[in-house]
Amino acid sequence: MDLYIGSKIKALRLQKKISQSQLCDNFMNRVVLSRIENNKALPSLKQLIRISERLEVPLSYFISDVKYDKLIEYADNSSSIIGDLFNSQNYYEIVKLIEYNHDEFLKIQDFNKYYYAGASFFNIKLYNDALKYLKRYVNLFLKSKEDIQKLNIDNFCQALNILFKIMLKNHNYEKRICYLELAKKYLCQRFRNKIPVKNLVLQEFLYFTSN
């Protein structure tokens, strides 16, 4: 049996003799569902909840025993469940996913999941939780291969940016300088290689380190 989310959705839909249009109803485009069922994209958490309701099965039916490591090869970086939630600024949904389905959160094969988690906690002002997940993300980034770092350097610098702000709030100036220097190192490397920085907020570091 295929253990991809899309394959499980398609198999159950056909078993229940429900067409794609019927399953989509008015909450999803049929083209999107087709991509999901062919394992070319991951559904967002909101989409998966609606699908499970329409097919009358618990959410865990689609998530348990899924080969995330294989599925992620088909998915764009922006198509993971937690990535979609973060890009839509659904920070509370990410926090709920972590707090009530932590085992499922740990199974998600998205390199940036700890960044999304930490940044979400920060955006709802839960700074201790933000600190925990962002530190984990920074450690993961520093241990990763160079090609992975190049792909994710924006989020890495954003994570350091948030950690810097938390250290300011906590009056931990030694740690603040540590994160500042680390960000400076990677940003300077990026500018030297002429790789564009996507988010202008990262330039905060350049301002602080130039003074």
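# Note on an all-helical predicted model

1. Y137 has a relative accessibility of 0% and therefore counts as buried, since the term applies to residues under 20%. Y137 belongs to helix 11 (residues 127-143), and the model in which it is placed is a predicted one.

2. The protein chain contains 14 helices and 0 strands, so that its pattern, read along the sequence, is α-α-α-α-α-α-α-α-α-α-α-α-α-α. Of the 211 residues in the protein chain, 45% are buried. Among the contacts with a separation of 6 or more, 60% join residues that are 24 or more positions apart.

3. Which residue forms an edge-to-face pair with Y137? The partner is F111, with 5.8 Å from centre to centre and 65° between the planes, and the pair is one of 12 aromatic pairs that a search of the whole structure finds. F111 is placed in the loop between helix 9 (102-107) and helix 10 (113-123), whereas Y137 is in helix 11, so this pair ties together parts that are 26 residues apart in sequence. F111, at 23% relative accessibility, counts as partly exposed, because that value lies between the 20% under which a residue is buried and the 50% over which it is exposed. Ring pairs also connect F111 and Y137 with F86, Y91, Y115 and Y116, and these six names make up a cluster.

4. N152, a residue of helix 12, is in contact with both members of this pair: leaving aside neighbours within four places in sequence, N152 contacts F111, N112, Y137 and F141. N152 itself is buried, with a relative accessible area of 10%. Another ring, that of F105, has the charged end of K113 sitting over it, 5.3 Å from the ring centre.

5. The largest nonpolar core has 55 residues, and the members that touch the most others are I9, I51, L55 and F62. Helix 12 (residues 146-169) gives the most to this core, contributing 9 residues. As general background, nonpolar side chains tend to be buried together in soluble globular proteins. With residues up to four places away in sequence not counted, L55 touches I9, L12, R13, K16, I18, L23 and F62, a list that includes I9 and F62 from the core members just named.

6. Where do the buried residues of helix 4 (residues 45-54) lie when they are seen down its axis? The buried residues are L45, Q47, L48, I51 and S52, and they fall within an arc of 155°, so they line one face of helix 4. The face turned away from this buried side carries K46 and E53, which are exposed. In helix 1 (residues 5-15), the buried residues are I5, G6, S7, K8, I9, L12 and R13, and among them I9, L12 and R13 are touched by L55.

7. Several backbone angles deserve a look, because most residues other than glycine have a negative phi. K17, just after helix 1, takes a positive phi of about 55°, and helix 4 is followed by E56, whose phi is positive and near 60°. Q89, in the loop between helix 7 (81-87) and helix 8 (91-100), has a positive phi near 60°, and K125, in the loop between helix 10 and helix 11, has a positive phi near 65°. Are these two loop residues buried or exposed? Q89 is exposed, with a relative accessible area of 57%, and K125 is likewise exposed, with a relative accessible area of 59%.

8. How many disulfides does a search of the whole structure find? The search finds 0 disulfides. Two of the cysteines can still be placed with respect to the surface: C24, at 3% relative accessibility, counts as buried, and C157 is buried as well, with a relative accessible area of 1%.

Terms used. Residues are numbered from 1 along each chain as its sequence is written. This is a predicted model: local features need pLDDT of at least 70, side-chain atom pairs count only at pLDDT 80 or more; totals for chains, interfaces and linings use all residues. Side-chain values use heavy atoms; hydrogens and water are left out. Buried means under 20% relative accessible area, exposed over 50%, partly exposed in between (1.4 Å probe, protein chains only). Helices (H or I, at least four residues) and strands (E, at least two) are DSSP runs, numbered from the N terminus. The arc is that of the directions from the helix axis to the C-beta atoms. Rings of Phe, Tyr and Trp (its six-membered ring) pair if their centres lie within 6.5 Å; planes under 30 degrees apart count as stacked, over 60 as edge-to-face and the rest as tilted. A charge sits over a ring if NZ of Lys or CZ of Arg is within 6 Å of the ring centre and within 35 degrees of the ring normal. A nonpolar core is a set of buried Ala, Val, Leu, Ile, Met, Phe, Trp, Tyr and Cys residues joined through side-chain atoms within 4.5 Å. Contact means heavy atoms within 4.5 Å. A disulfide is a pair of cysteine sulfur atoms within 2.5 Å.
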